[in-house]
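I opened the notebook today to look up a few places in one model and to write down what I found at each.

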Amino acid sequence: MTVIKVVSKEHLYQCVTENNECSMSTLLLYASWNNMTFISEIYPRIKNIVDDVYKEEIGFDNHNHKNVGGTSVQLPISNFCTMQADLNEDTMNFCIGTDEQKQVPDNDGDVPMGGTSIYPMMTEIRLNCPETLPALFIIIHVRGRIDTVPVPMSSKELLFLSEDFARDAIKKALLSCHCISVLRYPNNPQDVLKKKRNYDLVLYNQQKHSQIRLFIAGDRSQVGKSSVCLGILGTLLRMNYPASSLAYIKPATQCEQTQLVSEYCKVKGIDACPVGPIVYYRGFTRAYLNKETESSDSLLQKVSLEVDKIAKNKSVVIIDGVGYPAVGSITNTDNAKVAHASGYPTMDVGEEEEGPWRRRRRRPAAVLIVGKSGVGDAVDSYNLNATYFRSQHVPVLGAVFNRLPLDGYYSLDNCKRAVSTYFEQNWNLHGHEKVFGFIPQVETIAHTRMECEDENERQKLLESAITHAEDFITVFSQNVNVEYMLEIAANLRDNYQDLYLNENSIESLSKKAKLRNETNHDNVHDVQTNAPLTRQQIEMSAKESGATGG
């Protein structure tokens, strides 16, 4: 087997475009600190897997030919390249550089769905180097267009290679390439290039721990969290996700009125739980402080059970937050704790473990923050709210910024340019956190949460908004890169331990210390000195005392 050791960006480009028509290259990116014995041992295994998947998916026979319209077509050239990311300053700039990511139009002149495509076709090679190495990339070259796609495998999965898992991951990466259709159907490249990529749901479900849970938080109340949930669900349906593979839940809420997103789920057949176990009804917080309600531990356990129940056999679960991140902190049920409780149950908890330690062993759902319009205030608010989640070891995906006007000094284009520049210039501070889109104001659904005294009037507003939901989803899908969002969420799910926990974090304490910490923090409310009151009793007492909220 010939392995090409690449020494520069120019050298890699030369290898990738060696064949003027089309070629596929596999790039194994590693660093000086990697064990070269491991690296050299996985060369041939990866090469064989890639070659097998390549032939199988493009439809070539054992003699590297396929019949297209009566003509025998030769299998395009396949290269296997390796590159040390920190070989020199040039390779480091190439792999970890901060070149501005540009929007690249498709052949029909349209910008790929979601603005900047997750893996846009370009005339040059762009690498999005992960935080841990080694990493594997598929690079497809077709008539001057280059498509670079990372294989969804962590560094540990590469070093301790499972062939079945690797085959599925490589197949997923290969099928997500824009250019792969040209290799499959070389007699009609123009039509296939115009097709938008769809997420390969069946293939993704074959992977271990494939479910994605997204927690949608806001930088303030009524910033449009539920609208963003609606946009994500609608976009996923358009990406060919079956409705049966999606779920929506709002585990904690201050508003029990019917929302547009829950009505949309009902119409589309998406499982939904619009009002979860935690409701901040009138008088709740004072009753909690007086130990007249369930404990926070009990409430969060109910959240876990409810989310796990609706998430069964789903591919994507959208978890709607409440207010801004700290809402609920007075009852120890803020958004960060709810994100923890809504997260992925870990698989390594011993059966002998009991109590809070066992129940809380979860990887929290990754958080997407919905930000406001503007520039300075929008970024400042994002940083403040993201810090709240990070401080509690909850992974943050990044942000979408909502309800931007199309005209004026604070227009969508102006804000997008400035905010995107901030994230690009401060990539070292935010790491994997990205901006996934900027959403314009859509008036037809802007007032679906009006606090109308007349319920009939509110219902009319809601019914009107339902008829315009698809218009909003169209705008949303054009301005938000949901596919990229899922990729980053999957990466955070799979690498949570490495990215968010260290030897000084609370998750690294001994079980005894962990239990002691939880006891000191939460269980002061677990001891009920008074008999718990019913919700009706609490609300009646609060109303008589003049309360207007929780």
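What span should the 13 residues of helix 19 have at 1.5 Å a residue, and how far apart are its end C-alpha atoms? I noted that this is a predicted model, and then I looked up helix 19, residues 482–494, where the expected span is 18 Å and the end C-alpha atoms are 18 Å apart, so the two agree. I next checked how covered helix 19 is, and found that 11 of its 13 residues are buried, among them Val 482, Tyr 484, Leu 486 and Arg 493.

I turned to strand 13, residues 316–320, where 5 of the 5 residues are buried. In a regular strand the side chains alternate between the two faces of the sheet. I therefore looked at each side of strand 13 in turn, and found Val 316, Ile 318 and Asp 320 buried on one side and Val 317 and Ile 319 buried on the other.

I then looked up the partners of strand 13. Strand 8, residues 212–218, pairs with strand 13 in the parallel sense over 5 bridges, and Phe 215 has Ile 319 as its bridge partner. Strand 9, residues 246–249, also pairs with strand 13 in the parallel sense, over 4 bridges, with Leu 246 opposite Val 316.

My last entry concerns Phe 80, which lies in strand 5, residues 77–84. Is Phe 80 buried or exposed? I found a relative accessible area of 1%, so Phe 80 counts as buried. Beyond its neighbours within four places in sequence, Phe 80 is in contact with residues including Val 3, Leu 28 and Tyr 43. I also noted that Cys 15 is 65 residues from Phe 80 in sequence and 9.3 Å from Phe 80 in space, C-alpha to C-alpha.

Technical notes
Residues are numbered from 1 along each chain as its sequence is written. This is a predicted model: local features need pLDDT of at least 70, side-chain atom pairs count only at pLDDT 80 or more; totals for chains, interfaces and linings use all residues. Side-chain values use heavy atoms; hydrogens and water are left out. Helices (H or I, at least four residues) and strands (E, at least two) are DSSP runs, numbered from the N terminus. Buried means under 20% relative accessible area, exposed over 50%, partly exposed in between (1.4 Å probe, protein chains only). Contact means heavy atoms within 4.5 Å. The expected span of a helix is 1.5 Å times one less than its number of residues. Two strands pair if DSSP finds at least two bridges between them.
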